[in-house]
Amino acid sequence: MAQKVPPFRVENNAGEKHGALWYKHLFYICCMRKLTSILLLLLGICFQAEAEYIDHRNHNTDSLETVMAGWTADRIASASETELRHVAKDLYELTWGFKNTNSVKSEHNARRLLEIASRMGWDDYSREASKCIGEHFWAKEKYDSAAFYFGIAMEMAERMPVTETGADHVATYSQADKDDALSQMYGALGNLYSMMDSTDAAMAYYEKAGVLFKKNGWNNSCSTLYYNMGETMRYENDYRKAEEYYKESLEYSLLAEDSLAVATAYKGLGSLYMEKGRAVKALKYLTEANSYFADHEKEELQFRMESLDYTGQVLAFQKRRLWIIIMLLLTSLALAAVTYWVTRSLKRTSLENAELTEVLEGTVEAISPVPEQKPVRLKPREREILDLISKGFTNAEIAEGLCLSQETIKWYKKKLFAMFDASNSAELVRIVKERNIL
């Protein structure tokens, strides 16, 4: 009969059961893609804030390791089930006790625990051992192996026996316990596949974890999950979905009253708007994030550094954009000035050209010689008729006086008009007088 693993969950201020502390921090740290090994090492340091790991019986890892040294392979093979339960419990303590201080010893004990648990059919210990081995492969960037062991841990979690209370029998769990274990593995697999750039697989596991978080009202976990989903979509340049997930993260962090989660969501939104070129909005959210991280610099140094880096990028972007605006404004003013100058120059030139043309025309007219007029040789009859015309006689009077027909007189007048380029009798008389012909 399976025995329930000693509890390793913690409750937050809102009374949620989220799983081990490593799970919550793992969700935050995994947003730093491609730097997993270094960040997991930093994560380990954070867990060692206490002097050393102490198990639930006040045994430290050194004393347990001394005890386990006496359990050789032959002795384990001949041990009773009761003895093996004690061995498995000690291996469990050593597996997680060395997790952040000595990865080699932690993985070694996890493999011994997995071997015994698999032989005895103890799914709880198999789950914990597989999960730990998967984390070690993850730290070594052997992602396929990590996914394999995480898959085993997930299968073990899916087989967890459930009762309504979870406390009436040591071999059973409450539904919340099972949901907690499953959501841990869904989240871990989601983070892992996100690191492997398998976005579809990552989002599928994230969605599964989200269903369980919402079902149990784990607002803090929802906040962390949606932040990771926002990070994943931002790296995929799907800014619309990323913005939706970041806003959901902010909504759940406010419901959970978790100031760190709120600041982290602000940081996510700020970095997103920075990449979209919306500097004013980015600065608004980053300022909110910085106000929190500045008060918790020692605890959240990594997040503060990220937030300040994003803020610096936003300010640099704004500075560049301001310079561009200034340059465009100066260019526009210069173009306006040039346009005004050219327009005025053209207008002035046009006026000067008009005046010059007028002067030239006058000058040309003044200096141009009067064309010489050819002398007109009038016949006696033509002179006689011209003289009568100048004296004001009509055609009829001239015809009667000269004993000619009026048609003849008209013919002579027409001839005289052509000779002096006149159009009527008055003009003819004027031209003749000007030229002193009569």
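E244 is partly exposed, at 40% relative accessibility; the class sits between buried (under 20% relative accessible area) and exposed (over 50%), with a 1.4 Å probe and protein chains only. The model is predicted: local features need pLDDT of at least 70, side-chain atom pairs count only at pLDDT 80 or more, and totals for chains, interfaces and linings use all residues. Residues are numbered from 1 along each chain as its sequence is written, and side-chain values use heavy atoms, without hydrogens and water.

**Exercise 1. Find the salt-bridge partner of E244 and place the pair.**

Step 1. Apply the cut-off: a side-chain nitrogen of Lys or Arg within 4 Å of a carboxyl oxygen of Asp or Glu.
Step 2. The partner is R240, with the closest N and O atoms 3.0 Å apart.
Step 3. Both residues lie in helix α12, four residues apart, about one turn of the helix. Helices are DSSP runs of H or I, at least four residues, and strands are runs of E, at least two, numbered from the N terminus.
Step 4. R240 counts as exposed, at 54% relative accessibility.

**Exercise 2. Determine which parts the E275 and R234 salt bridge ties together.**

Step 1. The side chains of E275 and R234 meet at 2.4 Å, N to O.
Step 2. E275 lies in helix α13 (residues 259-275) and R234 in helix α11 (residues 219-235), so the pair ties together parts that are 41 residues apart in sequence.
Step 3. Compare burial. E275 is partly exposed at 35%. R234 is buried at 4%.

**Exercise 3. Test the length of helix α14 and locate its buried face.**

Step 1. The expected span is 1.5 Å times one less than the number of residues.
Step 2. For the 15 residues of α14 (residues 279-293) that gives 21 Å; the end C-alpha atoms are 20 Å apart, which agrees.
Step 3. The buried residues are A279, A282, Y285, L286, A289, N290, Y292 and F293.
Step 4. Down the axis of α14, these buried residues fall within an arc of 155°, so they line one face of the helix. The arc is taken over directions from the helix axis to the C-beta atoms.
Step 5. V280 and K284 are exposed on the other side of α14.

**Exercise 4. List the contacts of S253.**

Step 1. S253 is found in helix α12 (residues 239-256).
Step 2. S253 is buried, with a relative accessible area of 0%.
Step 3. Contact means heavy atoms within 4.5 Å.
Step 4. Set aside neighbours within four places in sequence. S253 is then in contact with S223, D258, A261, V262 and A265.
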